[in-house]
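These are my notebook entries on a structure that I had not examined before. I set down what I looked up, one topic at a time.

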Amino acid sequence: MPIRRRSDILPSEITPREIYLNRRQIIAGAAGLALASGLPATARAGSLATVKSPFSTDEKPTSLQDVTSYNNYYEFGVDKGAPAAHAHTLRTSPWTVKVDGLVARPAEFSVEDLIKGSTLEERIYRMRCVEGWSMVVPWDGFPLADLIKRVEPLGSAKYVAFETAYRPEEMPGLQSMFPVLEWPYVEGLRLDEAMHPLTILAVGLYGERLPNQNGAPIRLVVPWKYGFKGIKSIARISFVEKQPETSWNRQAPDEYGFYANVNPNVDHPRWSQKTERRIGEGGLFVKRRPTLLFNGYAEEVAQLYSGMDLRKFY
Ligand SMILES: Nc1nc2c(c(=O)[nH]1)N[C@H]1C(S)=C(S)[C@@H](COP(=O)(O)O)O[C@H]1N2
Ligand SMILES: [Mo]
């Protein structure tokens, strides 16, 4: 058998150890061994090959258990545990994201094709919710800018609008007589925010495909903004001329602005934004941490807002 040199081996033939191990599990499962081995039904499937990113923080990631059990996803209920308990009803495969509006090449992308066509990065980001808690999450994803370049926005496109899937049959929160929000959940970014290298579309966390409660199969992550900008289970991305409406701004305009940049100097009417509780740091005497301007990403993003009054544009 001829010996192949390294350069003759296609990247697609290289199997990272995780994927290799996962395949072995799948094969074992086919033989009925998974059941015997007592793997829980919630065992995570679908390892992702990723490269490390210089944008990652070296802070200690929040445990997988906390990241996947303390969630906000109102389509599945308002309690922190509701998404983990109920989001399994969402069918996340097959899934397509429609990209339309002011672009030269509108398209519908399947998530599987997006994953195959991207170099997935592990981005360990600090995340801050306006409710006053924070986490450190190892996301797996790719820059939103990569997708934006593929559809070629027109000069008139100034904002990007996002929409979560609208699936009343699969989302109990959408069947409620007294909905907390207008559905579908919508969010938006200015085009330069959307193009910023820190802005990613995540398809996984901790090296595996996203659990439903975290926004499977594809969600937005903007680490210098409050968590609610990170719209989950995206079905549509539209390029528009005017600042799009956002779910939380619609619901309570004096509490939630369009920008939603993390800012310890501008308090929410009901919650101080000066400090935060890091999820997973237990104990009676654990101190709250100071919240940082732009969630600690000021060096990278402050210039996006130069000359803007951050009290007015909150
Ligand atoms: N579609 C949708 N996206 C959403 C939400 C939601 O209720 N519905 N909640 C937001 C809020 S308030 C936060 S803090 C983050 C939480 O993301 P996580 O559960 O992955 O930590 O998701 C955001 N994205
Ligand atoms: Mo949030």
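Entry 1, contacts of one residue. I began with Ile-218 and listed its contacts, leaving out residues up to four places away in sequence. Ile-218 touches Trp-95, Val-97, Val-111, Leu-114 and Phe-142. The list continues with Leu-201, Ala-202, Val-203 and Leu-210, and it ends with Lys-232, Ser-233 and Ile-234. I note that the model is a predicted one.

Entry 2, the nonpolar core. I then looked up which members of the largest nonpolar core touch the most other members. They are Trp-139, Ile-218 and Phe-239, in a core of 74 residues. Ile-218, with which I began, is thus one of these three.

Entry 3, the ligand. Lys-232, a contact of Ile-218, led me to ligand 1, for Lys-232 is among the residues closest to that ligand. The others named as closest are Asn-71, Tyr-74, Glu-75 and Gly-230, and 17 residues surround the ligand in total. I sorted this shell by residue type and found eight nonpolar, six polar and three charged residues.

Which atoms lie 2.7 Å apart where ligand 1 meets Lys-232? They are an oxygen atom of the ligand and an N or O atom in the side chain of Lys-232. An oxygen atom of ligand 1 also lies 3.0 Å from a side-chain N or O atom of Asn-214. At Asn-72 the partner is a polar backbone atom, 3.3 Å from a nitrogen atom of the ligand. I recorded the cover as well: ligand 1 taken alone exposes 540 Å², of which the protein buries 95%.

Entry 4, aromatic pairs. I searched the whole structure and found eleven aromatic pairs. In one of them, the ring centres of Tyr-73 and Phe-76 are 4.8 Å apart and the planes meet at 85 degrees, so I entered the pair as edge-to-face. Tyr-73 counts as buried because its relative accessibility is 3%. Phe-76 also counts as buried, at 2%. Tyr-259 and Phe-313 form another edge-to-face pair, with 6.1 Å from centre to centre and 85 degrees between the planes.

Key: Residues are numbered from 1 along each chain as its sequence is written. Chains are lettered from A and ligands numbered from 1 in the order in which they are written. This is a predicted model: local features need pLDDT of at least 70, side-chain atom pairs count only at pLDDT 80 or more; totals for chains, interfaces and linings use all residues. Side-chain values use heavy atoms; hydrogens and water are left out. A residue is near a molecule or strand if one of its heavy atoms lies within 4 Å of it. A polar contact is a pair of N or O atoms within 3.5 Å; within protein, one must be able to donate a hydrogen and the other to accept it, and residues adjacent in sequence count only if both atoms are side-chain atoms. Accessible areas come from the Shrake-Rupley method with a 1.4 Å probe; for residues, only the protein chains shown count as cover. Ala, Val, Leu, Ile, Met, Phe, Trp, Tyr, Cys and Pro count as nonpolar, Asp, Glu, Lys and Arg as charged, and the others, Gly among them, as polar. A nonpolar core is a set of buried Ala, Val, Leu, Ile, Met, Phe, Trp, Tyr and Cys residues joined through side-chain atoms within 4.5 Å. Buried means under 20% relative accessible area, exposed over 50%, partly exposed in between (1.4 Å probe, protein chains only). Contact means heavy atoms within 4.5 Å. Rings of Phe, Tyr and Trp (its six-membered ring) pair if their centres lie within 6.5 Å; planes under 30 degrees apart count as stacked, over 60 as edge-to-face and the rest as tilted.
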